[in-house]
Amino acid sequence: QNLAPIPPPVRGSRAMSIHFRNPMLESPHLPFKAVLVGNVGSGKTSIFNQLTGLTERVDAGTQSVTQETVGASAAGGELYVIDTPGLSSQRNKLSHALSLRDALRPSGGIHAVIFVTSLTVRTDDAAAEVARHIAILKPFTNNLFVLFNKIDIPQANGVDVKNDDVKNAYISMIEEIHDVAGYIFYHRGIGASFLLPALTYACATCEPIRYEFSDFEFAWCFDIERDLTKQENRALNTLVADFSALCKNVEAQLGSIDSDPTITNRTVFLSDLAIILNDIAEEHVKRFTGIIADDVTPAVYAHYLSTKKRIYAPLRAMLEKLQRMGSSQRSEQLSKIRKCPHCGVVWFKVSGCDGETTCGAREQFHDTPDYGGLRFRFALDQFSHSLSWTPSTWTVEKRPANLQGRGSGCGRPIVWNLMAPITEQEVVELAIKPSELPCELEVVPMGSGVSRFAVPVDAAAAGAEPSLEKIFSDLNASGISNQPLQE
């Protein structure tokens, strides 16, 4: 990209200049709207104050002084300017990002996105800032202008900003990364007499755009990541440690289950224990949203997945141990599938006793464990991180008359625990697929944020809309000429 020759100096200085890719439109859409974006400390709010005559607070440091979107009409009314919170702020990142997203999608669209960057002695610093925020800026390629601010500082340090080749060097570094609609070289000592017509000129070269960032784009493109606080880290670590301690203590308790008189069926107990441990693990994972209350972002979701994985690790180890202790889960499942010794009909016992009945008899009474369908009732001690258990009580329900009697089958007497379980070969022949224990935690829904624009742009501009004739007349009177970017 080569620049046309720099024109005669403006207000006695060749340092200030504009370099736009496109000429002014014959009939631009009014009113003009420009959004100021840039890193903390780039001078956005100072520029906003110069243009609008307001006195928004300005300061230096790593925190953004502008906490929400602010909009106002520039002197003369031909330009509506929107100031936004600083990019790369270390606090309030989510609220800043929401404000910025809304500033970039006002009703009627925006004509120019002005990326304000402080000019330094390094020609690649501004390009690095553009690259850092390229995901946000990319949709506005045809409406994006880079404003090199504070050009007097490198000038004082020996950089000849008046030199055409020097300006070319700064511009070419950005052009290698991203196409933009133009560039402005400026410092606040010149004031609004240069900057106001320059920004108006920029808006007059662009059709307005309104870009709606999707929730996915917002999560990945905007600077909303943050580090966890000390308290949040401590709470998450406690969450993981508590469940890990529970698994360790339960493992120790398992050493005495063979002597526990309440456990008459070891396999059933171990199966119920696996289910309850899985439920407790899910409850621990769900507590994440009570510790990290932010909206879903890549960083928050990554912390969520990490916490979930750390809780699931001891759970998985316990499930594997319980399956080994239960002799064989598959054997237990197959023991529920038996065939009548008289007629060969295969039956699957969902519930019921192991005693005498008849082949094909329907149940007259239905026994249901009261503790969520489990044969054992478990209680979690939050302080000792251990479990206690007792056999569950049962509710006996008489089946409706139309469901009693005999269904299919030969009707001859059978005793369930004397019937032979089906073989592995019969499993294959019958295409039976025994189920497996649950081993994966559910994803907790995290919710979404609500954003609102701080100032209603269309209602904020007071007075009559300026005419095109007045705008072009003001631009011609300013004496500013464009140095077009050449392809």
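# A tour from strand β7 outward

Select β7. Both of its faces are covered: Leu 144, Val 146 and Phe 148 are buried on one side, and Phe 145, Leu 147 and Asn 149 are buried on the other. This is a predicted model. Six of the six residues of β7 are buried, so the strand is largely enclosed by the rest of the structure.

**Stop 1: the neighbours of β7**

Keep β7 (144-149) selected and add β6 (112-118). The two strands pair in the parallel sense, over six bridges. Pick Val 113 in your viewer. Its bridge partner in β7 is Leu 144. Further along, Val 116 has Leu 147 of β7 as its bridge partner.

Now add β8 (182-185). β7 and β8 run parallel and are joined by four bridges. Click on Phe 148. Its bridge partner in β8 is Phe 185.

**Stop 2: Asn 149**

Stay in strand β7 and pick Asn 149. Is Asn 149 buried or exposed? Asn 149 has a relative accessible area of 5%, and the cut-off for buried is under 20%, so it counts as buried.

Show what surrounds it. Leaving out residues up to four places away in sequence, Asn 149 touches Ser 42, Gly 43 and Ile 47. It also touches Val 116, Thr 117, Ser 118 and Leu 119. Tyr 186, His 187 and Arg 188 complete the list of residues touching Asn 149.

**Stop 3: β6, β3 and β5**

Move to β6. Six of the seven residues of β6 are buried, so this strand too is largely enclosed by the rest of the structure. Add β3 (residues 32-38). β3 and β6 pair in the parallel sense over five bridges. Pick Val 37 and look across to β6: Phe 115 stands opposite.

Next, select β5 (residues 79-83). β3 and β5 also pair in the parallel sense, over five bridges. Pick Leu 36 to find Asp 83 of β5 standing opposite.

**Stop 4: the whole sheet**

Select the strands of the sheet together. In what order do the seven strands of this open sheet lie? The order is β2-β8-β7-β6-β3-β5-β4, with mixed pairing. β2 (17-20) and β4 (70-73) stand at the edges. Each has a single partner strand, so one side of each is left without a neighbour in the sheet. From one strand to the next, the twist averages 20°.

**Stop 5: helices across the sheet**

Select helix α3 (residues 125-132). Helix α3 lies across β6 and β7, and runs at about 135° to β6.

Then select helix α7 (residues 192-204). Helix α7 lies across β2, β3, β5, β6, β7 and β8. Its direction is at about 5° to β2.

**Stop 6: α1 against α7**

Keep α7 on screen and add helix α1 (residues 44-52). Two packed helices are described by the angle between their axes and the distance between the axes. Here the axes of α1 and α7 come within 10 Å and cross at roughly 95°. The two helices are therefore roughly perpendicular to each other.

Which residues make the contact? From α1, select Ile 47, Gln 50 and Leu 51. From α7, select Ala 192, Leu 195, Leu 196 and Leu 199. By class, this contact has six nonpolar residues, one polar residue and no charged residues.

**Stop 7: what covers α1**

Hide α7 and colour α1 by burial. α1 is mostly covered, with eight of its nine residues buried. The buried residues are Lys 44, Thr 45, Ser 46, Ile 47, Phe 48, Asn 49, Leu 51 and Thr 52.

Bring the surroundings back. The buried residues of α1 pack against β3, β4, β5, β6, β7 and α7. Ile 47 appears here again: it is in the α1 contact with α7, and Asn 149 touches it. Step past the end of α1 to Gly 53. Its phi is positive, near 80°.

**Last stop: the full chain**

Zoom out and show everything. The chain has 16 helices and 17 strands. Of its 487 residues, 43% count as buried. Take the contacts between residues at least 6 apart in sequence: 79% of them join residues at least 24 apart. Finally, turn on the surface. The chain exposes about 24,400 Å², and carbon and sulfur atoms supply 51% of that area.

Methods: Residues are numbered from 1 along each chain as its sequence is written. This is a predicted model: local features need pLDDT of at least 70, side-chain atom pairs count only at pLDDT 80 or more; totals for chains, interfaces and linings use all residues. Side-chain values use heavy atoms; hydrogens and water are left out. Two strands pair if DSSP finds at least two bridges between them. Axes are lines fitted to C-alpha atoms, for helices over the stretch in contact, and angles run from 0 to 180 degrees between N-to-C directions. Contact means heavy atoms within 4.5 Å. Buried means under 20% relative accessible area, exposed over 50%, partly exposed in between (1.4 Å probe, protein chains only). Angles under 35 degrees count as roughly parallel, over 145 as roughly antiparallel, 65 to 115 as roughly perpendicular and the rest as oblique. Ala, Val, Leu, Ile, Met, Phe, Trp, Tyr, Cys and Pro count as nonpolar, Asp, Glu, Lys and Arg as charged, and the others, Gly among them, as polar. Accessible areas come from the Shrake-Rupley method with a 1.4 Å probe; for residues, only the protein chains shown count as cover.
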